[in-house]
Amino acid sequence: MDSSFRARRPASPPPQGFPTHSPPAYSAHTFQDGSKEHWDADERRAAASKGAPPHSKKQFPPGGLRLTGGEWKLLAVITIVAAGVRFFRLSKPNSVVFDEVHFGKFASKYIKTQYYVDVHPPLAKLLITLAAFIFGFDGGFDFKDIGKVYEAGVPYVAMRMLPATLGLALVPLAYLTLRALDCRATTALVGALFVTFENGLITQSRLILLDSPLIFFTGLTAFLWVGFSNEDRHKPFTDRWWLWLTLTGLSLGAVVSCKWVGLFTIATIGCATILQLWNLLGDLRVSPMLWIKHFMARAICLIGVPILFYMSMFAIHFAILENSGDGDGFMSSEFQHTLGGRGMKDTFADIAFGSEVTIRHLNTQGGYLHSHAHDYPGGSKQQQITLYPHRDSNNVWRIENGTSFSDDPDFDWRTSPMRYIKPQMTIRLHHLSTNKRLHSHDVRPPVSEVDFQNEVSAYGAPDFDGDANDHWIVEIEEGASEDLESWKRLRTLRTHFRLKHALQGCYLFSHKVKLPEWGYEQQEVTCNKNAVKANSLWYIESATHPQLPDDAEKVNYKLPGFFAKFLELQKVMWITNAGLTDRHTYDSRPDSWPRLRRGINFWVKEHRQIYLIGNPTVWWLSTLAVVSYVAVRGLLILRAQRGYRDFDSTRVVKYDSICGFLFIGWALHYFPFYLMSRQLFLHHYFPALYFAILLSCAAFDFVTSSVKPRARLYIAAGLVAFAVWTWSYFSPLAYGSPWTKAKCEEAKWLKTWDFSW
């Protein structure tokens, strides 16, 4: 062959899951008989084998969805059946179930406009709150304990209706997604019914929980992306093309605004987008400028739009939670002072001997240096020193002199001119409400009992002037860039400093360790010889001095704007989420999820139980499909290496594309959990399960592609019948219905299923 000749392989038919760009005339969707509204895949294949030309008069349907009127009626019937399954006994039990403790309480916080902190973004909680608000919830019920009976006036059924409705909507989404992927109507019917009768999805969608909105938006994103891909293959940059792409971006924003697990959905669509752009780059019919246009359109709609949507949810979140609440302590002081009830009047900037101050810990947001008239039960048995997160008169200290001044040996802050607190000065902190001084000595603290930690206490008496263990040396760490004086001496809010014990050489220190009940679960304060600098930094929040005139310089917190608050909350959510490492009675690890090794006990009462467990038929078939795809794909790769031309078959290319997309969706929603050390539960597998169910249906479509339609229908009916039977068999665990001990024991197909009668 001449070296100047460049041969091009004929374009393969466009894959459905990861579509490439090919001429519309060769799309599988265009092979139609003008006398019929729709042909299924068998009819199209038969027509193509006989040389049927594309029929150009038919308009390309939105998203490539060609559904007959009969299919729409069938879908309506399926949806009605799914509604019966989802809404049956929705009011039962009439008490708090599992994590309704948390998400019901958050709805109460929204209605009361009280600030709280949660590890999940706000969209799903806002939707639940909207349902509660519309039906008259006043936020008075506290959702305190599992099993607590709902009071009259609490619209818990309406609140459960929101996730139940979204769980219902997942059923037609599954059908439409499979049809958009060019699977047969029989296959789509199987997929919709599998989702309808999946016990785990049913259980999760009937309660005030976040997973149903999460899975709905995951399914919606997959459907919109497939629809966009079909539009892109047909004709890009049309109004409909932009609509499908923009809706995909909005759905991505919604899924990540429910839970951060939505980032895995973004990764799935991201992989599909990269492959799309890669295929376009290899298409010589696409000019560089056109490729850049494709890239920019996807970047704007699939990156920019989700980010804007995500941030807008937090803007609504901040706008509603405008008042102080129990989440204040997680946030910085600057953030806290944007909340109603936490504002602070301007306070004097200068700090001198005799100033009455409140001192805050910088790093942990644990709160104020605090003491109260209660002693340690062990150690020195002197008065407790803690960090307390709320304003209180027990937070006020007077700075007294511990330094000898050669120029004024009789210095008295009451009568002498003011002396500002400068580096290396020795001070004493006098607790005004109990008349004791901040004190440390060579005694181990009550909780952190290690050699390099000393107890910090409040010690003294009205007629006792204290001792050298009350002396602390000031070390200025940094000041504010806009206030040069804050680097040279203590200034309110502007100077970060450390306090070094004059005798022990340890630093006043606090960390996220709470005292037991005798310390009111307030944060521990110690004197640490090996102190991490960040946890030994302090600042003064407020100050007064009798010698300062009213017109003396005053300062206040610089309140953060939206972006600063948004970024701070993301950091707090990340840290809090990563800190959920304690074991739970019903937690599980990812390796057990595909096998359905164990469920979660949600609620138990009077021989009735709600136990989250999947439908074994649906669950294990989906896992089998995942394993089978990996095995078959590996075999095809090996055969290709040996020279077999399996991928010359349009049938193989089509199903490899469909199954590949769904497998990537499953894998990206499953494998990242192996990297997490936090608490994990079976319900974390549900987004991956949805993709696995669709994959099992695609595998069914492939396996039955060579059989007659009637035989395929019989096979589908058998699978659905068995799924319906297992749903019915385990339904008492989904609905909390009564059942006998014998049936309960018989239902334990695996020894690890720990539900009980």
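Let's start just after helix H3, where Thr 113 takes a positive phi of about 60°. Keep in mind that this is a predicted model. Most residues other than glycine have a negative phi. We'll meet further cases later.

First, helix H3 itself. H3 runs over residues 100–112. It has 13 residues and reaches 18 Å from its first C-alpha to its last. That is close to the 18 Å expected at 1.5 Å a residue. Which residues of H3 are buried? They are Glu 100, Val 101, Phe 103, Gly 104, Phe 106, Ala 107, Ser 108, Lys 109 and Tyr 110. Their cover includes helix H4, helix H5 (156–180) and helix H11.

Now the loops on either side of H3. Before H3 comes the loop from helix H2 (69–87), and Pro 93 is found there. The peptide bond that joins Lys 92 and Pro 93 is cis, with omega about -5°. Most peptide bonds are trans. On the other side, the loop between H3 and H4 (123–134) holds His 120. Is His 120 buried or exposed? His 120 counts as buried because its relative accessible area is 16%, and the cut-off for buried is under 20%. What does His 120 touch? Leaving out residues up to four places away in sequence, its contacts are Phe 103, Lys 125, Leu 210, Cys 258, Lys 259 and Met 573. Phe 103 is one of the buried residues of H3. Met 573 takes us to another helix.

That helix is H13, residues 562–578. H13 has 17 residues, so at 1.5 Å a residue it should span 24 Å. The end C-alpha atoms are 24 Å apart, which agrees. Met 573 is among the buried residues of H13. The others are Lys 565, Phe 566, Glu 568, Leu 569, Gln 570, Val 572 and Asn 577. What covers them includes helix H11 (288–320) and helix H12 (333–336). H11 is also part of the cover over the buried residues of H3.

H13 brings us to the largest pocket. How much space lies in the largest pocket? About 1600 Å³. It is lined by 47 residues, and the closest to its centre are Gly 329, Phe 330, Asn 363, Thr 364 and Gln 365. Which element gives the largest share of the lining? It is H13, with five residues. H12, strand E2 (356–361), strand E11 (507–514) and H13 each supply at least two. By type, the lining divides into 13 nonpolar, 19 polar and 15 charged residues.

Step back to the whole chain. The domain assignment gives domain 1 (69–319 + 587–747) and domain 2 (345–555). Domain 1 is written as two stretches. The C-alpha centres of domain 1 and domain 2 lie 54 Å apart.

Last, back to positive phi. Lys 381 has one of about 60°, although it is not a glycine. Lys 381 sits in the loop between strand E3 (368–375) and strand E4 (383–388). With a relative accessible area of 54%, Lys 381 is exposed, because the cut-off for exposed is over 50%. Tyr 520 also has a positive phi, near 60°. Tyr 520 is found in the loop between E11 and strand E12 (523–528). Tyr 520 is partly exposed, with a relative accessible area of 46%. And E11, on one side of that loop, supplies at least two residues of the pocket lining.

Key: Residues are numbered from 1 along each chain as its sequence is written. This is a predicted model: local features need pLDDT of at least 70, side-chain atom pairs count only at pLDDT 80 or more; totals for chains, interfaces and linings use all residues. Side-chain values use heavy atoms; hydrogens and water are left out. Helices (H or I, at least four residues) and strands (E, at least two) are DSSP runs, numbered from the N terminus. The expected span of a helix is 1.5 Å times one less than its number of residues. Buried means under 20% relative accessible area, exposed over 50%, partly exposed in between (1.4 Å probe, protein chains only). Contact means heavy atoms within 4.5 Å. On a 1 Å grid over the protein atoms alone, a cavity is a set of points where a 1.4 Å probe fits but cannot get out, and a pocket is an open set with protein on both sides within 12 Å along at least five of seven lines; lining residues have an atom within 4 Å of a point. Grid points are joined across faces, edges and corners, and a volume is the space filled by probe spheres set on the points. Ala, Val, Leu, Ile, Met, Phe, Trp, Tyr, Cys and Pro count as nonpolar, Asp, Glu, Lys and Arg as charged, and the others, Gly among them, as polar. Domain bounds come from an automatic or database domain assignment.
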